[in-house]
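Here is a friendly briefing to read with the model open beside you. Take a moment to turn the structure around before going through the points below.

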Amino acid sequence: MSKVKITVISSKCRGGYCKAGDEFIVDDLCPPMCHEMWNEIYPMVYALKNGAMLDYGTGRAKCFDAKCPDGGRVIVHGEAIDETDGK
């Protein structure tokens with residue numbers, strides 16, 4: 001099973017959970033972020049962890065971009081990383 005790297009691209013997080021530049025590696029536990037954001041991205045994280053390719057722009061890729069459901073206050077980029085080389 002792959003791991004997923006989540007990078008916070010920008011943040012105006014009211015709860016102070018996410019700051020721009022934060023990176024989280026998701027293995028088997030959710031990262032330290034609010035449950036609203038986690039609920040937003042969990043289906044895509046789960047799919048990537050299980051080898052899926054997601055719609056991304058005009059093609060398909062092993063990554064996603066998502067916005068916080070609280071008016072897009074936090075923007076994250078998620079990508080599957082290979083366990084053997086960290087990419």
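The largest pocket has a volume of about 150 Å³. Keep in mind that this is a predicted model. The notes below start with the pocket lining and then move on to the sheet, the hairpin and the helix.

**The pocket**
- Twelve positions are worth finding on your screen: the largest pocket is lined by C13, R14, G15, Y17, C34, H35, E36, M37, C68, D70, R73 and V74.
- Helix α1 supplies the largest share of this lining, with three residues.
- By character, the lining of the largest pocket splits into six nonpolar, four charged and two polar residues.

**The sheet**
- Four strands make up an open sheet in the order β2-β1-β6-β5, and their pairing is antiparallel.
- Strands β2 (23–26) and β5 (63–67) each have a single partner strand and stand at the edges, so one side of each has no neighbour in the sheet.
- From one strand to the next, the twist averages 20 degrees.
- As general background, the strands of a sheet pair through backbone hydrogen bonds, and they may do so parallel or antiparallel.

**The β5–β6 hairpin**
- β5 and β6 form a hairpin, with six residues between them.
- In the turn, G71 has a positive phi of about 70 degrees.
- The two strands run antiparallel, and five bridges join β5 to β6 (residues 74–81).
- If you would like to trace the pairing, D65 has H77 as its bridge partner in β6, while A66 has V76.

**Helix α1 and its aromatic pair**
- Helix α1 (residues 35–49) lies across β1 (3–11), β2, β5 and β6.
- Relative to β5, helix α1 runs at about 175 degrees.
- How many aromatic pairs are there? The count comes to two.
- One of them is formed by W38 and Y42, which are tilted, with 5.5 Å centre to centre and 55 degrees between the planes.
- W38 and Y42 are four residues apart in helix α1, so about one helical turn separates them.

Note on methods:
Residues numbered from 1 in each chain as written. Predicted model: local features only at pLDDT ≥ 70, side-chain atom pairs only at ≥ 80, totals over all residues. Heavy atoms only, no water. Pairing = 2+ DSSP bridges. Axes fitted to C-alpha atoms, helices over the stretch in contact; angles between N-to-C directions. Contact = heavy atoms within 4.5 Å. 1 Å grid on protein atoms, 1.4 Å probe; cavity = no way out; pocket = protein on both sides within 12 Å on 5 of 7 lines; lining within 4 Å. Points joined across faces, edges and corners; volume = space filled by probe spheres on them. Nonpolar A, V, L, I, M, F, W, Y, C, P; charged D, E, K, R; others polar. Phe/Tyr/Trp six-rings, centres within 6.5 Å; stacked < 30°, edge-to-face > 60°.
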